[in-house]
Amino acid sequence: MDTERGGDALSHVLATYRSERAVTARFSLSAPWALHSSGVAGPLIRMCTGAPYWIAVDGAEPVAVAPHDIAMLPQGGAHTVSSAPGLEAEPFRDLITAHSVGRHGDHPIVFSHGGGGAATALFSLHLWMPAEGLGSIMASLPPLIVLRQDEIPTTASLAQAMESLVNETIAQRPGWQLSAARMADLLLVHILCEHLYAQPQADQAQQAGQLRGLDDESIARAMSLMHERPEHPWSVATLAQASYLSRTVFSERFRALVGVTPMHYLGSYRMTLAAEKLKNRQLSLHQVAEAVGYASEKAFSRAFQRWTGMTPSAYVRQAAPNSDSQDRSR
C-alpha cells in the first residue's frame, strides 16, 4: 500500500464525518455489576481504569478488556458490559435517566453502581455524527474493535487522552462541548488508523468498504481525488486514468473493495458533503450545488431528494438538534 496516499485518503474520508457533539460519561462501578445498552446512534468508545471488565455485543461471546485498552463499537450496537460474564444485567437507560441533567449531551453523565467489590472506572465517549454520512464507513467495520495496549504501543496514550477528555468535560469549563467534539474526532481518527494498519493481511481481505479501499494504492488515489475535488466532473474514465488502471480493471477493483461503483461512491460523498454545507445558513443553495459538482440548483435538488428523501429546504429545517430526542440507552 502507498502509505502516504492511503493516509491522505483516510484524512479526506474522515473529515466529512465530524461529530456534531460528543456525550461523555464516567461510571464508578464495583463488582459485581452488569449493565446492558440497547444501542446508540453513532460510534461509542469505552476505556477503563482499575479492575478489568467484559464486553459482549448482543449475539456474541464476551470479550475481556484490560485497563487502558480501548473498546469501540463503530455502529453503537447493543451490548453488555460487566465485571464478569454471565451476570444478570440492568439497563443503562434506567441509571442514566436517573442521573442525567437537561438534554442528553448537555452535561456529562456521572454515577456510581455495583456491589462494593473490585472497583472499575469506566469512561465512555459517544459521538453524535451526521447519520447521512456515517453508515458508509462505519458499516464496513466489525461491531466491536478492541485496541490492546500490550499489542499496540499508542493505545496507552489514547487511553490517557480519553481519560483526560472525560475528566475535563466533567468540570464543564467554557468551551467544553466544542472541545469534547473535536477531541473525540481525533480519538476516532487514531483508533481507525490503528485498526486499519494493525490488521493482518488475511483479515484485511475480509473487510469491505471504504477502509479496505484505502489499503489499495490505486483505489486510495481515486478516493482521495474525489474527496479533494468533489466539484470536478469526474467520470470512470478520468478516475481510472488517474489511478493508472484501465476502466474495466478500475471499476471491478473499486466495486470489489469498496462495495459500490465509483460513481455511486462519488454521488454519496457529494450528498454527504452537501448535507453538511446546507447547515451553514450563510451559503446559498446555488453555492452548495456548485461546491458538489452540480451546474444548477434544480439538478442538485432532485439528486439530494433522491438521496435523502427530502428537499434541501426540508433538510435544513430538520437539521437542528431536536431537544426532545434524547437517546438515553447508553
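Four salt bridges are found in this structure, which is a predicted model. Let's use three of them as the opening stops, then move on to the strands.

**Stop 1: Arg148 and Asp69**

Select Arg148 and Asp69 and show their side chains: they form a salt bridge, with 3.1 Å from N to O. This one ties together distant parts of the chain, since the two residues sit 79 residues apart. Arg148 belongs to the loop between β11 (145–147) and α4 (155–171), while Asp69 belongs to the loop between β5 (63–65) and β6 (70–73). Switch on a surface and look for Asp69: its relative accessible area is 3%, so it counts as buried.

**Stop 2: helix α5**

Next, select residues 176–198, which make up helix α5, and pick out Arg182 and Asp185. Their side chains meet in a salt bridge at 3.8 Å, N to O. The two are three residues apart, about one turn of the helix. Is each partner buried or exposed? Arg182 is partly exposed, at 38% relative accessible area, whereas Asp185 is buried, at 13%.

**Stop 3: helix α8**

Now jump to helix α8, residues 217–228, and select Glu217 and Arg221. Here the closest N and O atoms of the salt bridge are 3.2 Å apart. Why is about one helical turn the separation here? Because Arg221 and Glu217 are four residues apart in the helix. As for cover, Arg221 is buried with 13% relative accessibility, and Glu217 is partly exposed with 38%. As a general point, side chains of opposite charge can pair when their charged atoms come close.

**Stop 4: strand β9 and His113**

Time for some strands. Select residues 109–114, strand β9, and colour its two faces separately. Ile109, Phe111 and His113 are on the covered face; Val110, Ser112 and Gly114 are on the uncovered one. Add residues 21–30, strand β1: β1 and β9 run parallel and are joined by six bridges. To find one of the pairings, go to Leu29 of chain position 29, whose bridge partner in β9 is His113.

Stay on His113 for a moment. At 16% relative accessible area, His113 falls under the 20% cut-off, so it is buried. What is His113 in contact with, leaving aside its neighbours within four places in sequence? Select Ser28, Leu29, Ser30, Trp33, Leu35, Glu90 and Leu95 to see those residues around it.

**Stop 5: the five-stranded sheet**

Which strands form the open sheet? Five of them, in the order β5-β4-β7-β2-β8, with mixed pairing. The edges are β5 and β8 (90–91), each of which pairs on one side only. Zoom in on the β5 end and select β4, residues 53–57: three bridges join β4 to β5, and the two run antiparallel. Trp54 makes a handy landmark, standing opposite Ala64 in β5. In general, strands of a sheet pair through backbone hydrogen bonds, either parallel or antiparallel.

**Last stop: zoom out**

Finally, show the whole chain as a cartoon. There are 14 helices and 11 strands to look at. Of the 330 residues in the chain, 46% are buried. Among contacts with a separation of 6 or more, 76% come from residues 24 or more positions apart. With the surface back on, the chain exposes about 14,800 Å², and carbon and sulfur atoms supply 52% of that area.

Notes:
Residues numbered from 1 in each chain as written. Predicted model: local features only at pLDDT ≥ 70, side-chain atom pairs only at ≥ 80, totals over all residues. Heavy atoms only, no water. Buried < 20%, exposed > 50% of the residue type's maximum accessible area, 1.4 Å probe, protein only. Pairing = 2+ DSSP bridges. Contact = heavy atoms within 4.5 Å. Areas by Shrake-Rupley, 256 points an atom, 1.4 Å probe, with all protein chains shown as cover.
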